Amino acid sequence: MTHAIRFHQPGGAEVLRWEEVAVPAPGPDEARVRHEAVGLNFIDIYYRSGRYPIDLPSGIGLEGAGVVEAVGSAVTAATGIRVGDRVAYAGGPVGAYAEARNIPADRLVKLPDAIDTKTAAAMMLQGMTAQYLLRRTYRVQPGDTILIQAAAGGVGLIVCQW
């Protein structure tokens with residue numbers, strides 16, 4: 001049986017429980033990922049504390065990395081994702097704090113050999129945010145001046161390195 005961190009009421013860390021959960025066969029557009037690492041983000045505290053409402057009981061966590069264990073009937077043709085691929089993802093649905101889970105396959109990114117799963121799980125959400133800020137909100141060009149108020153967190157660190 002697979003285990004996951006879940007909570008049944010908002011609160012502090014004491015509401016988190018390690019529970020057995022059923023992970024069904026993936027739906028047609030899903031893949032089951034066996035996690036090797038998951039990302040821990042401040043937004044997880046907002047969900048757990050009730051600051052961001054969520055249906056309860058709930059899992060927690062928005063990013064992870066691991067190996068694909070199974071795919072739905074439409075996955076490989078649509079995404080190229082196959083059983084055995086090393087992958088990472090970020091974004092909903094919540095539930096990354098689990099040994100394994102099903103996730104929409106279009107959320108998965110194949111990992112190159114040079115990126116280990118711990119690094120991938122820790123960088124996805126911050127990296128996507130940095131890309132959004134530097135390339136989509138406003139495309140930063142050579143000669144532009146930008147202000148990074150804090151390079152102590154993941155987004156600020158990636159933006160400064162980029």
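**View 1. Phe 42 on the surface of the predicted model.** In this predicted model, Phe 42 has a relative accessibility of 56%. Phe 42 therefore counts as exposed, since that label applies over 50%. Phe 42 belongs to helix α1, which covers residues 42–49.

**View 2. Aromatic rings around helix α1.** The count of aromatic pairs comes to three. In one of them, the ring centres of Phe 42 and Tyr 46 lie 5.2 Å apart and the ring planes meet at 85 degrees, so this pair is edge-to-face; planes over 60 degrees apart fall in that class. Phe 42 and Tyr 46 are four residues apart in α1, which means that about one helical turn separates them. Ring pairs join Phe 42, Tyr 46, Tyr 47 and Tyr 52 into a cluster.

**View 3. Arg 51 and the ring of Tyr 46.** Arg 51 lies over the face of Tyr 46. The distance to the ring centre is 4.6 Å. Tyr 46 is also the edge-to-face partner of Phe 42.

**View 4. The cis peptide bond before Pro 57.** Most peptide bonds are trans. The bond from Leu 56 to Pro 57 is cis, and its omega is near -5 degrees. Pro 57 is located in the loop between α1 and β4, the strand of residues 58–59.

**View 5. The three-stranded sheet.** The sheet is open, with antiparallel pairing and the strand order β2-β1-β4. β2 (17–21) and β4 are at the edges; each has a single partner strand, so one side of each has no neighbour in the sheet. Strand β1 (residues 2–7) pairs with β4 over two bridges. Phe 7 stands opposite Ser 58 of β4.

Note on methods
Residues numbered from 1 in each chain as written. Predicted model: local features only at pLDDT ≥ 70, side-chain atom pairs only at ≥ 80, totals over all residues. Heavy atoms only, no water. Phe/Tyr/Trp six-rings, centres within 6.5 Å; stacked < 30°, edge-to-face > 60°. Buried < 20%, exposed > 50% of the residue type's maximum accessible area, 1.4 Å probe, protein only. Lys NZ or Arg CZ within 6 Å of the ring centre and 35° of its normal. Pairing = 2+ DSSP bridges.
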